[in-house]
There are 2 protein chains.
Amino acid sequence: MLNFYPGPSKVYPEVRSYMVDAYDEGFLGTPHRGEQFVQLTRETVSLLKQKLNIPQDYYIFFASSATECWEILIQSLTKEKSFHIYNGSFGEKWCEYARRLRPKSEGFRFGINEEMPVSQLEISSDTELICFTQNETSNGTQVSATTILNLQNRFRNALIAVDATSSMAGLNLKLIKADIWFASVQKCFGLPPGLAVMACSPRAIFRAKQIAERVHYNSLVFMYEKMLNHQTTYTPNTLGIYLIRRILEDRPIVKTIDKALTDRAADLYTFFSQFADFQFLIENEEVRSKTVLALQGNERLIDDIKKRALHHNIRLGNGYGLWARNTVRVANFPAILDEEYEELKRFFLHYYA
Amino acid sequence: MLNFYPGPSKVYPEVRSYMVDAYDEGFLGTPHRGEQFVQLTRETVSLLKQKLNIPQDYYIFFASSATECWEILIQSLTKEKSFHIYNGSFGEKWCEYARRLRPKSEGFRFGINEEMPVSQLEISSDTELICFTQNETSNGTQVSATTILNLQNRFRNALIAVDATSSMAGLNLKLIKADIWFASVQKCFGLPPGLAVMACSPRAIFRAKQIAERVHYNSLVFMYEKMLNHQTTYTPNTLGIYLIRRILEDRPIVKTIDKALTDRAADLYTFFSQFADFQFLIENEEVRSKTVLALQGNERLIDDIKKRALHHNIRLGNGYGLWARNTVRVANFPAILDEEYEELKRFFLHYYA
């Protein structure tokens with residue numbers, strides 16, 4: 001099965017033997033307060049910083065999912081309100097979650113073909129956390145580094161939190177331009193689901209300590225205190241952490257991966273632009289995602305593409321949210337090989353050219 | 001390494017090949033809203049009920065850890081207060097967590113050599129949830145089925161929630177006698193950490209719907225609504241669910257496992273009673289745990305036992321909480337083989353008889 005689903009997505013083939021290694025090396029039954037676990041976490045944190053270009057003074061945390069990260073950040077870094085800028089389902093969901101916990105939280109929707117309109121944003125000075133999705137998996141858009149820099153320059157007081165679920169470990173994100181970045185591992189990390197990675201600036205940790213929310217098992221201050229000893233607040237998915245370590249040891253630095261993904265994205269956008277019966281959901285090239293492509297057509301055609309692909313052992317991503325039925329999504333993640341995209345191209349050329 | 005640590009603990013050797021099967025069968029990259037995942041969850045739920053003697057009308061849920069279950073239950077099943085009955089660290093921690101979320105929550109500590117004193121409990125009628133630990137991993141005590149029945153008979157209004165982390169999937173628990181039971185999988189399930197299983201009575205779900213707490217990503221009503229379609233509220237540890245399915249397929253029903261563990265516990269208690277220099281932490285045979293034995297001695301001896309054992313590739317459990325330095329714990333979990341206990345006995349006979 002060729003798997004282009006944008007998450008859970010194709011895992012690196014090496015995962016197969018690394019899981020066996022984890023068993024053989026005793027990681028699956030090792031106490032999470034013991035030296036073997038601590039050593040694993042220490043090495044994994046170090047590799048994450050080195051390979052993903054994370055500033056040395058940022059703090060790394062593990063959570064169960066990016067969804068849990070949404071909640072951790074609202075609970076531990078806001079007392080009154082966050083502000084959410086979104087153009088798709090995941091950014092909007094984060095806003096909905098935030099409003100349940102902090103009803104004063106606000107949201108601003110921008111168009112899928114627009115750049116995030118930083119200069120138009122009216123964010124009140126009592127906003128504690130500005131939240132957005134760097135790469136919106138639901139519609140295949142992304143927010144550029146320049147836009148993030150502009151956002152940071154305009155709003156210097158609030159913390160900025162970035163959901164980078166479908167770009168972290170794939171794109172060379174400039175983490176210094178925001179306070180919190182997080183992602184689950186079943187996208188660009190090329191790993192099985194059940195774990196998320198979060199990076200926090202010293203300023204974010206400072207605020208967490210000021211707010212001192214100590215009500216939840218996953219309160220950020222508790223997570224911080226435990227991670228000073230390279231431990232977690234609960235018995236974690238140790239295998240998941242082990243797999244991050246092994247995969248990162250193999251991979252080049254993210255700058256190299258970004259270059260390859262960027263080239264491949266350009267190639268895929270060129271390739272898919274030749275078809276008459278479907279278009280890109282996102283017309284504005286400037287905001288198109290490098291890691292998730294969304295193709296739009298009439299519902300019958302889209303349904304036909306997905307079913308026929310599956311018949312040929314090719315799994316494409318369903319559309320999502322508003323675009324559930326008239327789009328199909330194609331992941332451009334590091335674990336997927338160039339030759340797999342060549343096969344995908346042959347499939348499209350054969351049936352839809 | 002022989003591993004008698006009471007969690008994370010020895011995993012079944014079959015896990016090694018089952019992980020490879022999970023990869024080969026495409027479970028690691030399968031979408032968590034897709035048919036393959038739904039089918040897996042449906043089968044796993046069915047097996048859990050069948051093999052663990054869970055009433056057919058109970059609802060099964062997956063969470064990341066038993067610690068998360070503590071929080072889910074307090075958030076979703078209490079508005080004002082819970083009541084916690086404990087004699088050790090884990091029961092007490094649950095009480096502490098509850099008090100942070102619901103400050104009116106109350107706790108009652110009983111002695112480690114006492115049966116839970118059901119008739120003396122003064123639990124006010126506005127208590128929404130009564131919480132206790134069936135098997136207290138920190139000190140090696142357990143609460144009997146008769147005591148749980150008495151508790152249920154005395155307090156018919158409040159829901160009863162049971163942390164069965166180190167007994168579920170090992171002992172033949174009478175789930176009908178309480179509303180909520182939960183455990184993480186790194187103890188008697190014999191699996192790697194990163195997943196918990198929770199079973200809820202229809203009454204518990206009814207209360208959850210009445211309270212209608214819809215503020216958290218892991219609100220019980222959301223979990224319930226998703227599980228109607230055999231799905232979770234976030235991208236879960238799919239491999240963990242797969243491993244539950246595979247292991248349960250292999251195992252006999254829990255009644256058979258309970259019998260074997262009970263016999264082995266009796267044998268181990270007899271064996272360890274012959275040593276002059278250390279005793280059981282728990283003197284009252286009636287309340288001794290069948291799955292976690294705690295041996296008490298002076299700190300120097302305990303330290304010597306643990307270090308010498310490790311030198312012989314035997315991992316024993318550290319003491320915990322109050323008993324961190326003067327006890328050593330031995331797990332009696334299903335994944336550990338009889339011959340491994342024979343080797344453990346030879347070690348003790350050789351050095352400490």
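Visitor: Which residues of β9(B) point one way, and which the other way?
Guide: This is a predicted model. In a regular strand the side chains alternate between the two faces of the sheet. In β9(B), Trp181(B) and Ala183(B) take one direction. The residues pointing the other way are Ile180(B), Phe182(B) and Ser184(B).

Visitor: Why is β9(B) largely enclosed by the rest of the structure?
Guide: A residue counts as buried under 20% relative accessible area. β9(B) has five residues, so the count to look for is how many of them are buried. That count is five of the five.

Visitor: Which residue of β9(B) does Ala161(B) stand opposite?
Guide: Start with the strands. β8(B) and β9(B) run parallel, joined by three bridges. Within β9(B), the residue opposite Ala161(B) is Ile180(B).

Visitor: What is the bridge partner of Phe182(B) in β10(B)?
Guide: β10 covers residues 196-200 of chain B. β9(B) and β10(B) run antiparallel, with five bridges between them. The partner of Phe182(B) there is Met198(B).

Visitor: How many residues of strand β2 of chain B are buried?
Guide: β2(B) spans residues 59-63. The strand is largely enclosed by the rest of the structure because most of its five residues are buried: the count is four.

Visitor: What is the bridge partner of Tyr59(B) in β10(B)?
Guide: Strands of a sheet pair through backbone hydrogen bonds, either parallel or antiparallel. Five bridges link β2(B) and β10(B), and the two run antiparallel. Tyr59(B) is matched in β10(B) by Cys200(B).

Visitor: Is Ala164(B) buried or exposed?
Guide: First, find the residue. Ala164(B) sits in the loop between β8 (159-163) and β9 (180-184) of chain B. Its relative accessibility is 0%, and the cut-off for buried is under 20%. Therefore Ala164(B) counts as buried.

Visitor: Which residues does Ala164(B) touch, not counting residues up to four places away in sequence?
Guide: Leaving out those sequence neighbours, Ala164(B) has contacts with residues on β9(B) and elsewhere in chain B. They are Gln134(B), Leu173(B), Trp181(B), Phe182(B) and Ala183(B).

Visitor: How far apart in space are Ala164(B) and Met198(B)?
Guide: In sequence, 34 residues separate Ala164(B) and Met198(B). In space, C-alpha to C-alpha, the distance is 9.6 Å.

Visitor: Which strands stand at the edges of the open sheet in chain B?
Guide: Four strands form this sheet, in the order β11-β12-β15-β14, with antiparallel pairing. An edge strand has a single partner strand, so one side of it is left without a neighbour in the sheet. The edge strands are β11 (279-280) and β14 (317-318).

Visitor: Which residue of β12(B) does Gln279(B) stand opposite?
Guide: β11(B) pairs with β12(B), residues 292-296, over two bridges in the antiparallel sense. Across from Gln279(B) is Gln296(B).

Visitor: How many residues of chain A are in contact with chain B, and what area do the chains bury?
Guide: Chain B contributes 46 residues to the contact, and chain A contributes 46 residues. Of the buried area, 62% is on carbon and sulfur atoms. The area is about 3,900 Å².

Visitor: Which side chain of chain A meets Asp24(B) in a salt bridge?
Guide: Two salt bridges are counted between chain B and chain A. In one of them, the N to O distance is 2.8 Å. The partner of Asp24(B) is Arg16(A).

Definitions and conventions. Residues are numbered from 1 along each chain as its sequence is written. Chains are lettered from A and ligands numbered from 1 in the order in which they are written. This is a predicted model: local features need pLDDT of at least 70, side-chain atom pairs count only at pLDDT 80 or more; totals for chains, interfaces and linings use all residues. Side-chain values use heavy atoms; hydrogens and water are left out. Contact means heavy atoms within 4.5 Å. Buried area is the accessible area (1.4 Å probe) that two parts lose on being put together, summed over both. A salt bridge is a side-chain nitrogen of Lys or Arg within 4 Å of a carboxyl oxygen of Asp or Glu. Buried means under 20% relative accessible area, exposed over 50%, partly exposed in between (1.4 Å probe, protein chains only). Two strands pair if DSSP finds at least two bridges between them.
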